[in-house]
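Q: Please take me through the interior of this model. Look closely at what is packed away inside, then show me how that part fits with the rest.

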Amino acid sequence: MLFQYSQPSTVIFGCGAISVLGEKIKELGCKKAMCVYDEGTEKAGIAAKALDSIRSAGVEVVGWSGVIPDPTVDVVNKGGDFAKANGVDCLVGVGGGSSLDTAKAISVLLTMPGKAEDYVLAHPIFVDTKTPVFLVPTTAGTGSEITKVAIISRPELNAKWSVFVNTNYAIVDPELTLTLPKSQTASTGLDALSHAMEAMTGINWNPHSDLVGEAAIKKIANNLVTAYNEPSNLEARTEMALAANFAGLAFNDPITHVGHSAADALSCRFHTAHGYNCAIALPPAMKLVAPAVPEKMRVIAAAMNIPLTGNETGEELGTLVADSIRKLMRSVEIKPLKAMGFAREDVLALAPDVVSNHLASYCPVKVTEEVARNLLAEMYDDYQ
Ligand SMILES: [Fe+2]
């Protein structure tokens with residue numbers, strides 16, 4: 001068996017880590033940085049911390065607050081124009097996955113000619129980007145700080161596609177997550193859980209993704225509810241920040257599978273948050289794949305603190321894991337699709353989109369339209 005795993009970039013982790021951002025940029029010889037973030041990150045004062053750290057190191061910096069949720073190729077093109085007009089030689093993404101992915105995608109435009117739509121493709125390519133990219137997450141979820149992938153929306157095609165790039169440093173400071181609203185703590189934490197579980201059960205798994213994926217699941221099972229109920233609990237926030245980073249490492253090579261293809265379909269149709277969509281899709285996705293990967297499901301079940309006899313079938317393990325995820329979702333007040341106001345037939349109509357998403361091809365079970373319809377039905381019916 002051949003397997004592949006990568007170490008995408010260096011991680012600097014810990015409370016106060018943002019203070020070393022500027023020094024690290026200076027070490028790489030960069031002269032002018034561009035910080036990429038959204039208005040929420042700016043209002044929370046977190047963008048200012050990044051800008052201060054860079055200025056304190058004597059490096060020139062410009063801020064750009066043009067990021068929106070589910071960033072589009074237009075947003076990336078605007079950011080690219082701003083970067084070129086300002087002559088920047090370093091990009092710093094500060095925020096949730098949308099900001100980090102936008103910074104990564106802008107780096108493509110500083111290396112290559114053309115527009116973002118030339119590189120954000122249904123079957124993603126790797127672009128050997130030259131501009132250093134620093135990533136500072138403010139959520140404990142996406143793991144984008146440690147993956148090569150940037151996920152960008154192509155609204156004209158009703159799709160979310162990707163491009164792979166080089167990144168240099170992940171600066172993970174758990175203190176930056178202390179002000180995260182409760183609903184985002186919940187949805188981003190469950191996004192991280194889905195990264196770990198889908199990476200471990202996809203066809204491109206590797207021993208490294210299993211190792212860090214299992215560690216991530218344990219940390220999320222033991223800390224998400226505390227981080228949700230006690231937002232200022234720094235120990236739980238630190239464990240969740242590490243869990244999200246481990247989960248990002250876990251899926252960097254195997255990528256995700258049908259849970260995320262269903263999540264992307266929801267995102268394009270209903271514009272609900274990525275983490276919410278991943279949470280809703282995860283229980284049926286695990287139930288679907290469990291008979292194909294029973295030993296993986298046993299490891300996942302144990303990591304979720306489910307008592308096991310050792311005699312459970314793959315199918316039984318899938319049901320146990322799906323139930324435990326739903327219990328966790330209820331504990332952090334994830335709303336059912338029905339309660340969000342979506343009609344069952346509109347959800348089931350997404351089946352072709354689930355099948356056509358390239359992520360579905362990494363699922364250990366063939367995702368036909370019937371399989372996708374059943375999965376969407378379970379997402380709607382089995383979590384009320
Ligand atoms: Fe995700």
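A: Start with one term. A residue counts as buried if 20 or more other C-beta atoms lie within 10 Å of its own, as exposed if 12 or fewer do, and as partly exposed in between. Keep in mind that this is a predicted model.

Apply the rule to Ile255. It has 22 C-beta neighbours inside 10 Å, so Ile255 is buried. Ile255 sits in the loop between H8 and helix H9 (258–270). Its backbone stands out too. Most residues other than glycine have a negative phi. Ile255 is not a glycine, yet its phi is positive, at about 60°.

Now go to the core itself. The largest nonpolar core holds 134 residues, and Cys35 and Val92 touch the most other members. Helix H8 (residues 234–252) is the biggest giver, with 11 residues in this core. Domain 1 (10–177) and domain 2 (182–381) both contribute residues, so the core lies between them. The general background is simple. In soluble globular proteins, nonpolar side chains tend to be buried together.

Look closely at Val92. Leaving out residues up to four places away in sequence, Val92 touches Ala33, Met34, Cys35, Val36, Ala50, Ala103, Phe134 and Val136. Cys35 is thus one of the residues that Val92 touches.

Step back to the two domains. The domain assignment gives domain 1 as 10–177 and domain 2 as 182–381. Their centres, taken over C-alpha atoms, are 26 Å apart. Where they meet, 24 residues come from domain 1 and 26 residues from domain 2. On the domain 1 side, strand S1 (10–13), strand S7 (159–164) and strand S8 (169–172) each supply at least two residues. That side is mixed in character: nine of its residues are nonpolar, 11 polar and four charged.

Which strand follows the loop that holds Asn158? It is S7, since Asn158 lies between strand S6 (149–154) and S7. Asn158 has 11 other C-beta atoms within 10 Å, so it is exposed. Like Ile255, which has a positive phi, Asn158 is a residue other than glycine with a positive phi, near 55°.

Two helices in domain 2 deserve a look. Take helix H6 (residues 182–201). At 1.5 Å a residue, its 20 residues should span 28 Å, and its end C-alpha atoms are 29 Å apart, which agrees. Of those 20 residues, 17 are buried, so H6 is largely enclosed by the rest of the structure.

H12 packs against H6. Helix H12 has 18 residues and reaches 26 Å from its first C-alpha to its last, close to the 26 Å expected. Its buried residues include Leu317, Leu320, Val321, Ile325 and Met329, and Arg326 is buried as well. The buried residues of H12 pack against H6, helix H7 (207–229), helix H10 (274–289) and helix H11 (294–303). Just after H12, Glu333 takes a positive phi of about 60°.

Beyond that lies Phe342, in the loop between helix H12 (314–331) and helix H13 (344–348). Phe342 has 16 other C-beta atoms within 10 Å, so it is partly exposed. Compare its position with Ser331: the two are 11 residues apart in sequence and 22 Å apart in space, C-alpha to C-alpha. Apart from neighbours within four places in sequence, Phe342 contacts Phe270, Leu337 and Val347.

Leu110, in helix H5 (residues 97–111), is also partly exposed, with 18 C-beta neighbours inside 10 Å. Leu110 and Gly80 are 30 residues apart in sequence, but their C-alpha atoms are 7.0 Å apart in space. Leu110 touches Ala83 and Thr131, not counting residues up to four places away.

Finally, the whole. The protein has 15 helices and eight strands. Its radius of gyration is 20 Å, close to the 21 Å that the globule rule gives for 384 residues, so it is as compact as a globular protein of that length. The C-alpha trace spans about 60 × 45 × 45 Å along its principal axes. Buried residues make up 57% of the 384. Among contacts between residues at least 6 apart in sequence, 79% join residues at least 24 apart.

Methods
Residues numbered from 1 in each chain as written. Predicted model: local features only at pLDDT ≥ 70, side-chain atom pairs only at ≥ 80, totals over all residues. Core = buried A, V, L, I, M, F, W, Y, C linked by C-beta atoms within 7 Å. Helix = DSSP H or I, 4+ residues; strand = E, 2+ residues; numbered from the N terminus. Domains from an automatic or database assignment. Contact = placed C-beta atoms within 7 Å. Expected span 1.5 Å × (residues − 1). Nonpolar A, V, L, I, M, F, W, Y, C, P; charged D, E, K, R; others polar. Rg over C-alpha atoms; globule rule 2.2 N^0.38 Å.
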